[in-house]
Amino acid sequence: MYTSYFGFKESPFNLTPDPRYLFLSPHHREALDHLLYGINERKGFIAITGGIGTGKTTLCRALLEQLDKSTKSALVFNSFINEKELLEIINQEFGINLDQEVQTKKQHIDRLNQYLLETFSGGGNAVLLIDEAQNLSGTVLEQIRMLSNLETEKEKLIQIVLVGQSELKELLASASLRQLNERIMVRYELRPLAHKDIQGYVEHRLVVAGGRGNLRFTKGAFKAIYSYSQGNPRRINAVCDRALLIAYTKETYTISKGMVGSAIREIRGDIAAERGIKGWPWKKAASSITLFLLLIIVAGFAGWSFREHILGFFSDNQKMAAETTKDAQSMALTTKKPAATIFLDEKTSLAGLFNLYNDKTKKDRNYVNEQNVGMISFYLKPKHFLRFKKPFRLLLTHISVSESPNSFSVGTDSNLISSARYLLIRKVVADGVIAVDADGKEREVPRDFFKNYGEQKVTWVYPYEGKRVDLIKGMRTPTVLRVQKALKKLGYLLELSGVYDNATFRCVTKFQNYFGLSPDGIVGPRTRAFLYQVSD
């Protein structure tokens with residue numbers, strides 16, 4: 001309903017396990033690393049557990065996309081099955097051709113073993129991934145343990161991943177499954193998102209859904225979301241989806257703390273609140289009202305008895321307050337100084353941009369070996385430059401006094417407005433940006449200020465290596481590894497190999513497409529400049 005209003009291509013908070021929406025929090029990244037390690041190192045059994053709605057199924061889907069073509073996979077998502085049904089599903093998932101003669105469990109296992117040996121001899125690997133494994137019966141789990149016996153003298157032919165809720169740990173710890181539990185070599189408990197990851201999670205889903213950057217959540221909204229969800233992704237999705245619907249009905253692009261509270265009450269049904277009102281005994285209400293009236297009567301008699309002292313006290317206080325107010329007003333008139341303009345001219349903004357770059361470089365030395373500095377300008381929409389992590393300068397195409405937020409002063413001189421059209425932005429924050437005014441002081445500019453602007457000319461400074469070699473597919477250099485690390489921190493799923501492989505090429509082209517660069521998959525000066533600007 002609200003997708004077209006906000007400009008989304010699809011609903012950003014669907015509960016379906018779409019791997020595109022996987023937000024790699026530190027916990028999810030570690031879980032994915034454990035999975036890839038266990039599979040690539042042929043560890044046999046891997047167990048991933050976590051609470052309901054923590055993103056286990058989405059993580060499984062993302063894992064399957066990470067596997068290379070030489071790794072064959074089978075996914076079992078229906079865990080209420082018997083041993084024979086399990087073998088049938090596994091063979092079907094691996095694409096093993098079964099004729100009518102294959103009926104018994106032994107025949108299914110023989111065909112599977114033959115397939116695994118052929119895959120192994122061809123240099124491949126095989127992964128069996130079972131979701132909701134806490135629902136498996138003891139006999140089925142024992143059958144799965146027997147599958148791990150399909151191995152050579154040195155290597156496991158099949159890697160089995162058990163994914164389930166926290167009850168899976170208790171199930172595996174039972175005495176009857178001790179042999180299976182001892183074979184699990186890699187384990188990870190997937191935990192909910194931390195408070196600091198809530199904003200990144202929400203904004204990541206908005207971007208994937210095709211958001212235009214015109215929708216924002218306030219700090220209070222994020223706090224309310226975490227307080228309700230405790231970092232559980234499924235709960236976050238539910239409350240955010242309802243909050244967007246409320247914002248749509250109110251025709252606003254800002255999700256406030258109050259809207260999130262309303263969404264939470266709608267989800268819960270506000271049962272507690274209704275009980276608090278309807279279940280209040282009338283006897284207690286009547287006695288409380290009686291006590292309140294009695295206190296008013298007593299206070300009235302006391303006030304009448306001491307009326308002269310009370311009136312004298314207030315009279316003296318009023319005189320003192322009047323004198324204090326007069327002194328404060330006179331002091332304010334003598335010391336008040338007009339605020340400096342936040343809009344800068346070409347020379348001032350450019351000098352300030354380099355100063356901010358130097359200050360930023362001193363604080364974090366991510367590019368300590370790169371001594372060369374370049375400057376780039378690009379026409380970008382607010383949804384793009386409001387994702388930047390480093391200082392930049394913004395040339396606004398039109399400025400008028402009436403459009404300026406109340407939080408800063410433009411001045412009334414029309415000549416000043418026409419010449420000073422640059423915003424020098426030190427950093428982007430949740431509610432907007434922190435700009436630097438003509439006096440060098442920081443000023444807050446809300447996100448709403450940019451919602452009426454289209455593409456604007458954005459300029460920033462970035463470091464680069466002296467050689468300035470473009471990165472292309474097939475290259476193996478430390479710079480490729482640096483690019484891979486930057487992309488992975490941004491949520492792109494790829495392996496940190498230092499090799500510019502197909503996966504890296506696809507991630508680079510996606511990144512280029514998003515920022516309006518030529519999607520050629522070549523990491524040249526512009527692509528590096530953007531990677532630097534959006535990386536922490």
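Lysine 105 is partly exposed, with a relative accessible area of 35%. Here buried means under 20% relative accessible area, exposed means over 50%, and partly exposed lies in between (1.4 Å probe, protein chains only). The model is predicted: local features need pLDDT of at least 70, side-chain atom pairs count only at pLDDT 80 or more, and totals for chains, interfaces and linings use all residues. Numbering runs from 1 along each chain as its sequence is written, and side-chain values use heavy atoms, without hydrogens or water.

**Exercise 1. Find the salt-bridge partner of lysine 105, and place both residues.**

Step 1. Apply the rule: a side-chain nitrogen of Lys or Arg lies within 4 Å of a carboxyl oxygen of Asp or Glu.
Step 2. The partner is glutamate 83, with the closest N and O atoms 4.0 Å apart.
Step 3. Place the pair. Glutamate 83 is in helix α4 (residues 83–94) and lysine 105 in helix α5 (residues 105–121). They are 22 residues apart, so the bridge links distant parts of the chain. Helices are DSSP runs of H or I with at least four residues, strands are runs of E with at least two, and both are numbered from the N terminus.
Step 4. Check exposure. Glutamate 83 is partly exposed, at 22%.

**Exercise 2. How far apart in sequence are arginine 145 and glutamate 142, and is each buried or partly exposed?**

Step 1. Both lie in helix α6 (residues 138–147), 3 residues apart, about one turn of the helix.
Step 2. Recall the geometry: an α-helix has 3.6 residues a turn, so residues three or four places apart point the same way.
Step 3. Look at the side chains. They meet in a salt bridge of 2.4 Å, N to O.
Step 4. Compare surroundings. Arginine 145 is buried at 8%, whereas glutamate 142 is partly exposed at 27%.

**Exercise 3. Which residues form a salt-bridge network with Asp18?**

Step 1. Start from aspartate 18, which bridges to arginine 20 at 2.8 Å between the closest N and O atoms.
Step 2. Extend the link. Glu10, Asp18 and Arg20 form a network of salt bridges.
Step 3. Arginine 20 is partly exposed, at 42% relative accessibility.
Step 4. Set the network in context. The count of salt bridges comes to 15.

**Exercise 4. Describe the surroundings of threonine 49.**

Step 1. Threonine 49 sits in strand β1 (residues 45–50).
Step 2. Its relative accessible area is 4%, so threonine 49 is buried.
Step 3. Find the polar partner. The side chains of threonine 49 and glutamate 189 make a polar contact of 2.4 Å. Such a contact is a pair of N or O atoms within 3.5 Å; within protein, one must be able to donate a hydrogen and the other to accept it, and residues adjacent in sequence count only if both atoms are side-chain atoms.
Step 4. List contacts (heavy atoms within 4.5 Å). Beyond four places in sequence, threonine 49 is in contact with residues including Lys56, Gly164, Leu168 and Tyr188.

**Exercise 5. Which residues outside its sequence neighbourhood does alanine 74 touch?**

Step 1. Alanine 74 belongs to strand β2 (residues 71–76).
Step 2. Alanine 74 is buried, with a relative accessible area of 0%.
Step 3. Leaving out residues up to four places away, alanine 74 touches Ile90, Glu93, Phe94, Val127, Leu128 and Leu129.
Step 4. Add one distance. Glutamine 92 is 18 residues from alanine 74 in sequence and 8.3 Å away, C-alpha to C-alpha.

**Exercise 6. Which elements pack against the buried residues of α9?**

Step 1. In α9 (residues 198–208), the buried residues are Ile198, Tyr201, Val202, His204, Arg205 and Leu206.
Step 2. They pack against β6 (216–217), α10 (219–229) and α11 (233–250).
Step 3. Look past the helix end. Glycine 210 follows α9 and has a positive phi, near 95°.

**Exercise 7. Which residues of the largest nonpolar core touch the most other members?**

Step 1. Define the core: buried Ala, Val, Leu, Ile, Met, Phe, Trp, Tyr and Cys residues joined through side-chain atoms within 4.5 Å.
Step 2. The largest core has 50 residues; Phe385, Phe388, Leu423, Phe450, Trp460, Leu487 and Phe530 touch the most other members.
Step 3. Turn to the other core. A second, separate core of 32 residues includes Leu112, Tyr115, Leu141 and Leu147.

**Exercise 8. Summarise the whole chain.**

Step 1. The protein chain has 21 helices and 13 strands.
Step 2. Of its 536 residues, 43% count as buried.
Step 3. Among contacts between residues at least 6 apart in sequence, 73% join residues at least 24 apart.
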